[in-house]
Amino acid sequence: MPEMTIPASAFMDAAGNPHTFAEFKGKVVVFNIWAEWCAPCVEEMPALDAFAAQQGANGVQVIGIALDTREDALAFQRQVPVAFPLLLEP
């Protein structure tokens, strides 16, 4: 499989810590674009969290990218906690 170019964009997590896609170089990554106002997104989060937990350290990495404000993303995370990283769309 050809190697893909990783965008240099920086994303913040809800705590304000910066992340780049380069952190996940060499891993298979599932990007889940979500928002707290999206009913299917809310419904799928527990299944994605269970999938991510099954993968372990060397498996597929699930990354959530929120199309929300920081406050809404934090409120969602309190309501529907997940262990995989949730980043904010810049």
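Which residues does isoleucine 65 touch, not counting residues up to four places away in sequence? The notes below start from that residue in this predicted model and then move outward to the cores, the disulfide and the surface.

1. Isoleucine 65 has its place in strand E4, and because its relative accessibility is 6%, it counts as buried. Leaving out residues up to four places away in sequence, isoleucine 65 touches Phe11, Phe21, Phe31, Asn32, Ile33, Trp34, Leu87 and Glu89. One of these, phenylalanine 31, is 34 residues away from isoleucine 65 along the sequence, yet the two C-alpha atoms are 7.0 Å apart in space.

2. Asparagine 32, another of the residues that isoleucine 65 touches, lies in strand E3, which spans residues 29–34. With a relative accessibility of 8%, asparagine 32 counts as buried, and beyond the four nearest places in sequence on either side it touches Glu44, Met45, Leu48, Ile63, Gly64 and Ile65. Its C-alpha atom is 12 Å from that of phenylalanine 51, a residue 19 positions away in sequence.

3. The largest nonpolar core has 16 residues, and the members that touch the most other members are Trp34, Met45, Phe84 and Leu86. At least two residues of this core come from each of helix H1 (39–55), strand E4, helix H2 and strand E5 (86–88), and H1 gives the most, with 4 residues. Tryptophan 34, setting aside its neighbours within four places in sequence, is in contact with Cys41, Met45, Gly64, Ile65, Ala66, Leu67, Asp68, Ala73, Phe76 and Leu86.

4. A second, separate core is made up of 6 residues, among them Phe11, Phe21, Phe24 and Ile65. Phenylalanine 11 has its place in strand E1, residues 10–13, and its relative accessibility of 7% means that it counts as buried. Phenylalanine 11 and phenylalanine 21 are 10 residues apart in sequence, and their C-alpha atoms are 8.4 Å apart in space. Although isoleucine 65 belongs to this second core, it is also in contact with tryptophan 34, which is a member of the largest core.

5. The structure holds 1 disulfide, formed by cysteine 38 and cysteine 41, whose sulfur atoms are 2.5 Å apart. The torsion about the S-S bond is about 75 degrees, and the disulfide is therefore right-handed. Both cysteine 38 and cysteine 41 are buried, and cysteine 41 is also among the residues in contact with tryptophan 34.

6. At the surface, Phe31, Ile33 and Leu67 make a nonpolar patch of about 260 Å². Leucine 67 lies in the loop between strand E4 (61–66) and helix H2 (70–79), and because its relative accessibility is 42%, it counts as partly exposed. Leucine 67 is one of the residues in contact with tryptophan 34, while Phe31 and Ile33 are among those that isoleucine 65 touches.

7. Glutamate 43 lies in helix H1, the helix that gives the most residues to the largest core, but glutamate 43 itself is exposed, with a relative accessible area of 67%. The C-alpha atoms of glutamate 43 and isoleucine 33 are separated by 13 Å, the two residues being 10 apart along the chain.

How values were computed
Residues numbered from 1 in each chain as written. Predicted model: local features only at pLDDT ≥ 70, side-chain atom pairs only at ≥ 80, totals over all residues. Heavy atoms only, no water. Patch = residues over 30% accessible without salt bridge, like charges linked within 9 Å, V, L, I, M, F, W, Y side chains within 5 Å. Areas by Shrake-Rupley, 256 points an atom, 1.4 Å probe, with all protein chains shown as cover. Salt bridge = Lys/Arg side-chain N within 4 Å of Asp/Glu carboxyl O. Buried < 20%, exposed > 50% of the residue type's maximum accessible area, 1.4 Å probe, protein only. Core = buried A, V, L, I, M, F, W, Y, C linked by side-chain atoms within 4.5 Å. Contact = heavy atoms within 4.5 Å. Disulfide = S-S within 2.5 Å.
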